[in-house]
Amino acid sequence: NRFFPLIEPILKKHKVPDDFKYIAVIESGLLNVISPQGARGIWQFIEASAKEYGMEVNTWVDERNDIEKSTEAACKYFKKAYDKFGNWTMAAASFNLGMSGLAKHADFQKTNNYYDLMLNSETTRYIFRILAVKLILSNPSKFGFKIPVSELYPLIKTKVIPVDSFAVSQGINYKMLKFFNPWLIDESLHNPDKKIYYIKIPEAGFRDSLFGKE
């Protein structure tokens with residue numbers, strides 16, 4: 001309820017199927033988690049792939065934690081994979097196994113059909129996990145999840161400002177600055193190249209939308 005409205009327009013802009021948003025769910029639960037292999041963010045990019053698809057990753061900034069920028073990068077990956085395999089199912093499966101790994105299996109087994117390929121157990125289950133999550137989240141009450149609308153996490157409206165504006169001057173604190181900008185991973189931002197960064201600041205009254213007026 002909170003994050004799909006941010007992901008869906010980016011998928012649509014890049015003409016990537018809307019169902020690909022469920023990949024982020026099975027990869028991370030829509031949390032900025034870190035895997036044992038060092039993959040990070042809701043899309044679980046490793047550092048090398050993140051940089052390949054245009055994200056900045058260093059000691060101070062990790063754009064894998066930026067939901068919009070990481071979704072843009074994921075779309076670039078999906079489109080490249082689609083061009084390689086010619087169908088979206090293989091493009092989705094390659095996000096788990098890697099394009100080169102999946103291509104080796106497809107070439108050896110002489111089929112470009114995901115459902116006809118003999119793959120490792122994780123990749124074999126991958127598409128079906130996506131489908132299962134779609135079925136449950138599209139109709140949770142059918143599967144016993146009774147969630148009233150009032151209990152859903154609301155979308156928090158934000159505004160974007162240059163990073164040289166201080167949090168206190170915007171009526172927020174350091175904790176909120178880090179919450180809305182999880183890609184800022186250090187306590188300071190080293191910027192010798194004078195790059196312009198933009199940060200999200202919650203709009204006035206956002207506490208009321210979360211907790212109700214006191």
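1. A residue is called buried here when its relative accessible area is under 20%. By that standard, buried residues make up 37% of the 214 residues in the protein chain. The model discussed in this note is a predicted one, and the points below should be read with that in mind.

2. On the overall fold, the secondary structure of the protein chain comes to nine helices and two strands. Read from the N terminus on, the elements follow the order α-α-α-α-α-α-α-β-α-β-α. Among contacts in the protein chain with a separation of 6 or more, 55% are between residues 24 or more positions apart. The accessible surface of the chain comes to about 12900 Å², and carbon and sulfur atoms account for 57% of that surface.

3. The interior deserves a closer look. The largest nonpolar core has 43 residues, and the members that touch the most other members are Ile7, Ile23, Trp43, Phe45, Phe78, Phe95 and Ile130. Two or more residues of this core come from each of helix H1 (4-13), helix H2 (21-28), helix H4 (67-85), helix H5 (88-97), helix H6 (99-109) and helix H7 (121-138). Of the elements, H4 gives the most to this core, with eight residues. There is also a second, separate core of eight residues, with Val61, Ile161, Trp183 and Leu184 included in it.

4. Which residues does Ile130 touch, once residues up to four places away in sequence are not counted? They are Asp19, Tyr22, Ile23, Ile26 and Ala92. Ile130 itself lies in helix H7, and it counts as buried because its relative accessibility is 8%, where the cut-off is under 20%. As for its partner Ile26, the two residues are 104 residues apart in sequence, yet their C-alpha atoms are 6.8 Å apart in space.

5. Thr71 offers a further example, this time from helix H4. Is this residue buried or exposed? With a relative accessibility of 0%, Thr71 counts as buried. When its neighbours within four places in sequence are left aside, Thr71 is in contact with Ile7, Ile10, Ile42 and Trp43; of these, Ile7 and Trp43 also appear among the residues that touch the most other members of the largest nonpolar core.

6. Turning to the pockets, the largest has a volume of about 1300 Å³. Its lining is made up of 41 residues, and those lying nearest its centre are Asn1, Arg2, Phe3, Phe4 and Leu30. The elements that contribute two or more residues to this lining are H1, H2, H4, H7, strand S1 (158-162), helix H8 (174-180) and strand S2 (198-202). The largest share, four residues, comes from H4, the helix that also gives the most to the largest nonpolar core. By residue class, the lining of the largest pocket divides into 25 nonpolar, eight polar and eight charged residues.

7. The second largest pocket has a volume of about 390 Å³. It is lined by 19 residues, of which Gln44, Ile46, Ser49, Phe95 and Asn96 are the closest to its centre. Helix H3 (47-52) and H5 are the elements that give two or more residues to this lining, and H5 gives the most, with four residues. The lining of the second largest pocket comprises nine nonpolar, seven polar and three charged residues. Phe95, named here beside the centre of the pocket, is also one of the residues that touch the most other members of the largest nonpolar core.

Key:
Residues are numbered from 1 along each chain as its sequence is written. This is a predicted model: local features need pLDDT of at least 70, side-chain atom pairs count only at pLDDT 80 or more; totals for chains, interfaces and linings use all residues. Side-chain values use heavy atoms; hydrogens and water are left out. A nonpolar core is a set of buried Ala, Val, Leu, Ile, Met, Phe, Trp, Tyr and Cys residues joined through side-chain atoms within 4.5 Å. Buried means under 20% relative accessible area, exposed over 50%, partly exposed in between (1.4 Å probe, protein chains only). Contact means heavy atoms within 4.5 Å. Accessible areas come from the Shrake-Rupley method with a 1.4 Å probe; for residues, only the protein chains shown count as cover. On a 1 Å grid over the protein atoms alone, a cavity is a set of points where a 1.4 Å probe fits but cannot get out, and a pocket is an open set with protein on both sides within 12 Å along at least five of seven lines; lining residues have an atom within 4 Å of a point. Grid points are joined across faces, edges and corners, and a volume is the space filled by probe spheres set on the points. Ala, Val, Leu, Ile, Met, Phe, Trp, Tyr, Cys and Pro count as nonpolar, Asp, Glu, Lys and Arg as charged, and the others, Gly among them, as polar.
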